[in-house]
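Q: Could you walk me through a structure that I have not seen before?

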Amino acid sequence: MTDIPQNIPIPQALAIAAEKIDAGELQLAEQILRQVQAKQPDHPHAHHLLGLIAHRVGRTELGLEMIGKAIEILPEFAQFHANRGEMCRLMKRLDEAIRHGQKATQLDPKSFSAHCKLGIAYYDRKDYDLAEQCQQQALALNPKHLQALNNMGSIMRARKERQEAIAYYRRALEINPHFLESINPLGALLIEEDQAA
């Protein structure tokens, strides 16, 4: 089993499980969450984290189902909607992704991550104006949000606004020079523009 004591309080167990997921220790995280479910079978955060694990191991449909259960139990929790929306986007279910993304940003307007994820769904639908609005909202909340800067580069590139795209990718790389999601498109744009890096 795990090295987590059986009598640990549920909030602490959930926090440890989330840390284990972030560290890639998915089996250990799942064991902890199963202990939580043994005590409280319908704990929404346990369903949510189990959904994230399922998604990480390539079982996104199961992940959607688990997060759907979390939403049924606790419908006003923004992060559940944001993560379900992102999974729907990856499954090319863009209308559903946008619906959950909108709900997440309504529930937690200060979540730059939720605005960023919603913007990616709009981008995938080629609605670049709404995509830009979402990314700008994310950047207003967190000016150094790497993903939002990178996404703005992608939006500008899709609009053929190359200089603006280059500027956003460079801003992202000023924060993290090893951010591959910005390095690769920036290199391609510089070649297109026949500029020296």
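A: What follows covers cysteines, a pair of helices and some aromatic rings, and the model is a predicted one.

Q: How many disulfides are there?
A: The count comes to 0 disulfides, and C88 is in none, with the nearest cysteine sulfur, that of C134, 16 Å away.

Q: And how far is the sulfur of C134 from the closest cysteine sulfur?
A: The closest one belongs to C116 and lies 9.1 Å from the sulfur of C134, which is too far for a bond because a disulfide needs the two sulfur atoms within 2.5 Å.

Q: Is C134 buried or exposed?
A: C134 is buried, with a relative accessible area of 10%, and C88 is also buried, at 0%.

Q: Switching topic, how do helix α10 and helix α11 cross?
A: The axes of α10, residues 162–175, and α11, residues 180–192, come within 9 Å and cross at roughly 145°, and this crossing is left-handed.

Q: Which residues make that contact?
A: Among them are I166, Y169 and L173 of α10, together with I183, L186 and L190 of α11; the residues of the contact divide into 10 nonpolar, 1 polar and 3 charged.

Q: What about aromatic pairs, how many turn up?
A: A search of the whole structure finds 2 aromatic pairs. In one of them, the ring centres of F77 and F80 are 4.6 Å apart with their planes at 50°, so the pair is tilted. F77 is partly exposed at 28% relative accessibility, whereas F80 is buried at 0%.

Q: And what does Y123 pair with?
A: Y123 forms a tilted pair with Y128, at 5.5 Å centre to centre and 50° between the planes, and Y123 is partly exposed, with a relative accessible area of 28%.

How values were computed. Residues numbered from 1 in each chain as written. Predicted model: local features only at pLDDT ≥ 70, side-chain atom pairs only at ≥ 80, totals over all residues. Heavy atoms only, no water. Buried < 20%, exposed > 50% of the residue type's maximum accessible area, 1.4 Å probe, protein only. Axes fitted to C-alpha atoms, helices over the stretch in contact; angles between N-to-C directions. Helix = DSSP H or I, 4+ residues; strand = E, 2+ residues; numbered from the N terminus. Left-handed = near helix turned anticlockwise from the far one by under 90°. Contact = heavy atoms within 4.5 Å. Nonpolar A, V, L, I, M, F, W, Y, C, P; charged D, E, K, R; others polar. Phe/Tyr/Trp six-rings, centres within 6.5 Å; stacked < 30°, edge-to-face > 60°.
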